[in-house]
Amino acid sequence: MEKRRSLHAKIRRLLGGYAVLLAAIIILVFADDFLEDWVWKSLLQQEIVHYVQQKAADPGHEWRDTGAIQLYRVPGRQPPPGLSMLPQGVHDDFWFGGRENVVLVQRVQGVDYFVVRDITGIETIEDALLLGSLGLAFIALVVIGVMVARGVRTALRPLSDLANDIGALSPDHAGQRVVVANGASSELHVITNALNDYLRRQDDFVERERTFIDTASHELRTPIAIMAGASELALEQPGLPAPARQQVQRIHRTARDVERLIALLLTLAKDPARLSRSNEVVMLHELLPDIIDDHRHLLAGKDLSIVVDELLPCTVSAPLHIVQAAIGNLLRNAVENSDRGEIHIRLDADATVTLQDPGHGMTPEDISRIYAQLARGGSREGGGIGLDLLARLCEHLGWTLSIQSAPGRGTISRLRLSR
């Protein structure tokens, strides 16, 4: 298997190379002064050595200054006051006599020698060369910086491509995978392999879930449908005693309620795209009276009635049993939380069903708790579908549920179904 270099190693090599080149240029710039001092010291020392040798061979020999170089010695030829104060060593850029000079002060055999070399013209050329060198160094740094930047961008491009591929993943599609170039770093290959493995396991999980939902849908609905059908046939039998008829009616209603509850729970388990395939055109203004009739038995023993204010013609595209369960749940909650008075129902043309009950009402904290449970994924204590489960259904299908309530003043529930 080909060994892949890590992203950290690639960037480290690029930045390390840039640092080495930068350090080399800096060293060359600072070494210029050192080399210049060393060269002048060597040249001027040769002048002193040559003079000392000439003097040893001919004691009457005297130094003759030229336009470029002068020599002073102590004792002997005294240097000007400006020179006599200089310590031992090389002194560059020393102005003397209106010109720029380099001065070497050195003691040989107990005599202090002062060698002055005019470098006015040479320094001008040197400055020009130094500026040229600095310019070339700057250009080199810029070029190297651009090359390093391109190298880093090239090294990071597979990471950017991987981020774009991950951002393009859609939860509604199966079989999605992300790819990375062969030359990408070892870390990116590890991330890609792990992510693709997760996507494969997710596809397997979704497929198992769909198989379970399809199986559960059939296995749960069939016995409930049998009970509902059998109880309905029993109710059609003549001569059925009144006590038995009441119990069979109760079985029939409970079977229908459980059937709707199962349908609602299975709906929440399906993704909306798949659920939309089972949509049908539902005429709400014709369906609402049937839902009201199915729940009138809940009014028994209560000084309570249901009043239909207005049912404007309206149709929606949705699963019929889900619409029945959602509206029926709101009506059941209104009846169970009211003791006397009237429950008003209306249907607006924008597919908004409004129920106003005279019941006990809820505090703002109670309403907030319902939506907080929805946000946390919590559940409601007690039996029944519950408003929190209904709120989940609305969120799943893109419907809107709003609740206005106050203690002792009843509750107004509005359910808007997407059309």
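**Helix α8 and some unusual backbone angles**

In this predicted model, helix α8 has a series of buried residues: Ile322, Val323, Ala325, Ala326, Ile327, Gly328, Asn329, Leu330, Leu331, Asn333, Ala334 and Val335. Because 12 of the 17 residues of α8 are buried, the helix is largely enclosed by the rest of the structure. A residue is called buried here when its relative accessible area is under 20%.

The length of α8 can be checked with a little arithmetic. The helix runs over residues 320-336, and at 1.5 Å a residue its 17 residues should span 24 Å. The C-alpha atoms at its two ends are 24 Å apart, so the expectation and the model agree.

The backbone is worth a look as well. Most peptide bonds are trans, and most residues other than glycine have a negative phi. Val74 and Pro75, however, are joined by a cis peptide bond, with omega at about 0°. Pro75 is found in the loop between β1 (69-74) and α2 (81-84).

Positive phi values turn up at Gln109 and Ala351. Gln109 is not a glycine, yet its phi is positive, at about 55°. This residue sits in the loop that links β3 (99-108) with β4 (111-118). With a relative accessibility of 71%, Gln109 counts as exposed, since the cut-off for that label is over 50%.

Ala351, also a residue other than glycine, has a positive phi near 65°. Its place is the loop between β8 (340-347) and β9 (352-357). Here the relative accessibility is 0%, so Ala351 counts as buried.

Note on methods
Residues are numbered from 1 along each chain as its sequence is written. This is a predicted model: local features need pLDDT of at least 70, side-chain atom pairs count only at pLDDT 80 or more; totals for chains, interfaces and linings use all residues. Side-chain values use heavy atoms; hydrogens and water are left out. Helices (H or I, at least four residues) and strands (E, at least two) are DSSP runs, numbered from the N terminus. The expected span of a helix is 1.5 Å times one less than its number of residues. Buried means under 20% relative accessible area, exposed over 50%, partly exposed in between (1.4 Å probe, protein chains only).
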